[in-house]
Amino acid sequence: MLINRAQGRWVHEALEIIEEERRATRTQQHHAFGGFYNEAGAVILFAGTHDDLVTVELSPASFQALREEFADG
């Protein structure tokens, strides 16, 4: 999954909402980004256009590292 750094603030906000509320979906024109915690505690993220989404599963540690990366930018 590739995220354009120009969308960094948009992604960072979504990641923080996922952490606080356990789920979030953000849209920008024809693109969507979001995710949720599953029952096992992993984080499922999705991103792409409305008709072509990609999903990935992250461990809590990997999700935290991703949040830190976007917090810096």
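## Arg67 in helix α2

In this predicted model, Arg67 has a relative accessibility of 13% and therefore counts as buried, the cut-off being under 20%. The residue belongs to helix α2, which spans residues 60-71.

Apart from neighbours within four places in sequence, the contacts of Arg67 are His12, Leu15, Glu16 and Glu19.

## The β1–β2 hairpin

Strand β1 covers residues 23-28 and strand β2 residues 31-37; the two pair in the antiparallel sense through six bridges. Within this pairing, Thr25 has Gly34 of β2 as its bridge partner.

Two residues lie between the strands of the hairpin, and Gln29 adopts a positive phi near 55° there.

## Overall fold and dimensions

The chain contains two helices and four strands, arranged along the sequence as α-β-β-β-β-α. Its radius of gyration is 11 Å, close to the 11 Å given by the globule rule for 73 residues, so the chain is as compact as a globular protein of that length. Along the principal axes, the C-alpha atoms occupy a box of roughly 30 × 30 × 20 Å.

Of the contacts between residues at least 6 apart in sequence, 25% connect residues at least 24 apart.

## Burial, surface and charge

Buried residues account for 33% of the 73 residues in the chain, and Arg67 is one of the residues that count as buried. The chain exposes about 4900 Å², of which carbon and sulfur atoms contribute 48%.

The chain carries 6 positive and 12 negative charges, and the mean positions of these two sets lie 5 Å apart.

Key: Residues numbered from 1 in each chain as written. Predicted model: local features only at pLDDT ≥ 70, side-chain atom pairs only at ≥ 80, totals over all residues. Heavy atoms only, no water. Buried < 20%, exposed > 50% of the residue type's maximum accessible area, 1.4 Å probe, protein only. Contact = heavy atoms within 4.5 Å. Pairing = 2+ DSSP bridges. Rg over C-alpha atoms; globule rule 2.2 N^0.38 Å. Areas by Shrake-Rupley, 256 points an atom, 1.4 Å probe, with all protein chains shown as cover. Lys, Arg positive; Asp, Glu negative; His and termini not counted. Charge placed at Lys NZ, Arg CZ, Asp CG, Glu CD.
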